[in-house]
Amino acid sequence: MKNLKLNLKMYFSLLKMTFRGILQYRADFWMSLVSVVLLNGANIVQLSVISWRFHNLGGWQVGELLVLYGLFMISWSIFSVFFIKLSKIEEEILSGSFDVYLLRPVSPFLQLVGGDINYTGLCDTLFGAVLIPMGLAMSGNHWGLWQILWFVIFVLSGGAITVCCRFLISCVTFWTVKAHALSSVFTQIYLLIQKYPVSIFGKAFQVLVTGLVPVAYLNYYPACYLLDKPDAPAFVCMLSPVVALILAGISALVWHRGLRRYNSCGG
């Protein structure tokens with residue numbers, strides 16, 4: 001318990017120092033926020049045009065697609081704001097700067113996650129928080145306390161799943177040094193599922209994003225449950241927290257084995 005308090009204190013101290021560094025460049029700060037707003041706005045327009053042209057997308061109306069997209073944005077923002085540095089392990093290893101984390105008397109993991117804050121991810125959180133009630137109103141859905149409780153569980157689970165998936169890909173670099181190709185494949189997969197229902201793709205893709213790279217649990221299965229869609233059984237949709245716990249255990253195991261496997265390659 002004492003070590004946990006010490007680690008948390010160190011983590012928040014690292015975050016504070018990182019955020020102060022970011023605020024040294026205020027113009028870049030605001031320009032980055034505006035660019036994220038424009039990007040998300042373009043995605044919303046794209047969804048609206050597709051839904052208007054085809055009336056629905058695999059049985060999903062535009063309001064339901066907004067909920068789907070909003071769920072993804074909030075879950076993804078947990079990773080992009082607080083854990084973005086986990087995706088940069090390859091850079092740290094190649095430059096040799098990862099050695100520094102191992103020399104300090106602080107958890108290497110804490111040093112990594114506390115070493116960067118992607119403040120633009122907060123825009124994703126805000127957009128998602130706006131899109132979900134908007135989508136519910138457009139689709140005529142109303143949530144009670146039970147749905148709100150599951151919404152919170154789904155968001156936290158989706159955030160954990162995102163963190164673990166990105167973390168596992170980065171940990172591959174302990175064995176291969178570079179994992180850019182694998183990271184690019186993952187990026188293409190999540191770009192497909194972020195605003196489109198998985199049901200419109202083939203069975204092979206559905207198996208991929210459910211069992212092998214379970215990113216469908218970020219937004220698709222939660223949306224099916226919360227919107228009462230018949231696309232998937234309720235018990236499958238409620239597996240998000242279980243998937244998150246399993247991935248967290250695998251990530252911890254791979255991380256510790258990777259640290260033992262690590263050999264410095266920096267100059």
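The following conversation concerns a predicted model of a protein chain.

Colleague: What makes up the fold of the protein chain in terms of helices and strands?

Modeller: The protein chain contains 14 helices and zero strands. Read along the sequence, its pattern is α-α-α-α-α-α-α-α-α-α-α-α-α-α.

Colleague: How many of the 267 residues, as a percentage, are buried?

Modeller: Buried residues account for 47% of the 267 residues in the protein chain.

Colleague: Why is cysteine 171 called buried?

Modeller: Its relative accessible area is 0%. Buried means under 20%, so cysteine 171 belongs in that class.

Colleague: Why is cysteine 237 not counted as forming a disulfide with cysteine 224?

Modeller: A disulfide is a covalent bond between the sulfur atoms of two cysteines. Here the cut-off is 2.5 Å between the sulfur atoms. The sulfur of cysteine 237 has its closest cysteine sulfur in cysteine 224, at 5.0 Å, and therefore the two are too far apart for a bond. The structure as a whole holds zero disulfides.

Colleague: Is cysteine 237 buried or exposed?

Modeller: Cysteine 237 has a relative accessible area of 1%. With the limit for buried set at under 20%, cysteine 237 is therefore buried.

Colleague: How do you know that serine 251 is buried, and which residues does it touch?

Modeller: The relative accessible area of serine 251 is 4%, and a value under 20% means buried. This serine lies in helix H14, which covers residues 240-261. Leaving aside residues up to four places away in sequence, serine 251 touches Cys164, Phe167 and Leu168.

Colleague: Why does valine 152 count as partly exposed?

Modeller: Partly exposed residues fall between the buried limit of 20% and the exposed limit of 50%. Valine 152 has 41% relative accessibility, so it counts as partly exposed. Its place is in helix H8, residues 145-171.

Colleague: Which residues form a nonpolar patch on the surface with valine 152?

Modeller: Val152 forms this patch with Leu145, Ile148 and Leu156. Together the four have about 410 Å² of accessible area.

Colleague: What makes aspartate 228 an exposed residue?

Modeller: Exposed means over 50% relative accessible area. Aspartate 228 has 67% relative accessibility and therefore counts as exposed. The residue lies in the loop between helix H12 (216-226) and helix H13 (234-237). Although aspartate 228 is not a glycine, it has a positive phi of about 60 degrees.

Colleague: What is the accessible surface of the protein chain?

Modeller: The accessible surface comes to about 13,900 Å², and 69% of this belongs to carbon and sulfur atoms.

Notes. Residues are numbered from 1 along each chain as its sequence is written. This is a predicted model: local features need pLDDT of at least 70, side-chain atom pairs count only at pLDDT 80 or more; totals for chains, interfaces and linings use all residues. Side-chain values use heavy atoms; hydrogens and water are left out. Buried means under 20% relative accessible area, exposed over 50%, partly exposed in between (1.4 Å probe, protein chains only). Helices (H or I, at least four residues) and strands (E, at least two) are DSSP runs, numbered from the N terminus. Contact means heavy atoms within 4.5 Å. Patches are made of residues with over 30% relative accessible area and no salt bridge: like charges are joined within 9 Å, nonpolar side chains (Val, Leu, Ile, Met, Phe, Trp, Tyr) within 5 Å. Accessible areas come from the Shrake-Rupley method with a 1.4 Å probe; for residues, only the protein chains shown count as cover. A salt bridge is a side-chain nitrogen of Lys or Arg within 4 Å of a carboxyl oxygen of Asp or Glu.
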